[in-house]
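Reader: Got a minute to go through this one with me? I'd like to get a feel for the fold and the ligand site.

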Amino acid sequence: MDCIFCKIVSGEIPAKLLKETDHSISFLDAFPLAKGHVLVIPKNHHQKIQDLNENENSDLFSLVHTMISKVDSISGSTLLAVHNGKDAGQEVSHVHVHLVPRSADDSAGAIHSMFDGTLKLSDSEIEEMYNKLKI
Ligand code: AMP
Ligand code: ZN
């Protein structure tokens, strides 16, 4: 499979590896959006979070938890992001969690600034989503 992150896991292409656990690794993003932009990925190739098994999932988010205090020490505020699917902006189809140090004067805003803010849901649409998503 032609996956750049699988090649980082296998050592076929280099990366600035920060930490390795049983099922995950963490390394510097090669095209950082901010100083200290870190990625955390599972070693096995899965496209989406829900494709991870329980061990992989807990190992991945445990490593996110380990790395967040390091990354957060850079600016004191950090964006955590997962693009879970192509239409959500996922360019590399191997699960990855972004840890991006933020600052008040960077060019990114709040999550609502990613959307045009015009969506209005009717009560029945809200009810429909509620019924669809509740477990
Ligand atoms: P996404 O757009 O959410 O799929 O994020 C993919 C991320 O992978 C981007 O932030 C890229 O800068 C990063 N990236 C791409 N190639 C490499 C690489 N060889 N080593 C480290 N990070 C990479
Ligand atoms: Zn992969």
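Author: Sure. One term before we start: helices here are DSSP runs of H or I with at least four residues, and they are numbered from the N terminus. Also keep in mind that this is a predicted model.

Reader: Ok, so which element gives the most to the shell around ligand 1?

Author: That's α1, which contributes 3 residues to the shell. The elements giving two or more residues there are α1, covering 4-10, and β2.

Reader: And which residues come nearest to the ligand?

Author: There are 18 residues around ligand 1, and the nearest are D29, H83, E91, H96 and H98.

Reader: What's the split of the shell into nonpolar, polar and charged?

Author: It divides into 10 nonpolar, 6 polar and 2 charged residues.

Reader: Now the polar contacts. What does E91 do with ligand 1?

Author: E91 uses its backbone: one of its N or O atoms there lies 2.7 Å from an oxygen atom of the ligand. V92 also has a backbone N or O atom by a ligand oxygen, at 3.0 Å. With H96 the contact comes from the side chain, where an N or O atom is 2.9 Å from an oxygen of ligand 1.

Reader: How much of the ligand does the protein bury?

Author: Taken alone, ligand 1 exposes 510 Å², and the protein buries 86% of that.

Reader: Where does ligand 1 sit, then?

Author: In the largest pocket.

Reader: Switching to the fold. How many helices and strands does the protein chain have?

Author: The chain has 3 helices and 5 strands. Along the sequence they follow the pattern α-β-β-β-α-β-β-α. As for dimensions, the C-alpha atoms fill a box of roughly 50 × 40 × 25 Å along the principal axes.

Reader: Back to β2 for a sec. Do β1 and β2 run parallel or antiparallel?

Author: Antiparallel, with 3 bridges joining β1 (residues 17-20) to β2 (residues 24-28). The two form a hairpin, with 3 residues between them.

Reader: Which residue in β2 stands opposite E20?

Author: That would be I25.

Definitions and conventions. Residues are numbered from 1 along each chain as its sequence is written. Chains are lettered from A and ligands numbered from 1 in the order in which they are written. This is a predicted model: local features need pLDDT of at least 70, side-chain atom pairs count only at pLDDT 80 or more; totals for chains, interfaces and linings use all residues. Side-chain values use heavy atoms; hydrogens and water are left out. Two strands pair if DSSP finds at least two bridges between them. A residue is near a molecule or strand if one of its heavy atoms lies within 4 Å of it. A polar contact is a pair of N or O atoms within 3.5 Å; within protein, one must be able to donate a hydrogen and the other to accept it, and residues adjacent in sequence count only if both atoms are side-chain atoms. Accessible areas come from the Shrake-Rupley method with a 1.4 Å probe; for residues, only the protein chains shown count as cover. On a 1 Å grid over the protein atoms alone, a cavity is a set of points where a 1.4 Å probe fits but cannot get out, and a pocket is an open set with protein on both sides within 12 Å along at least five of seven lines; lining residues have an atom within 4 Å of a point. A molecule sits in a cavity or pocket if more than half of its atoms lie within 2 Å of its grid points. Ala, Val, Leu, Ile, Met, Phe, Trp, Tyr, Cys and Pro count as nonpolar, Asp, Glu, Lys and Arg as charged, and the others, Gly among them, as polar.
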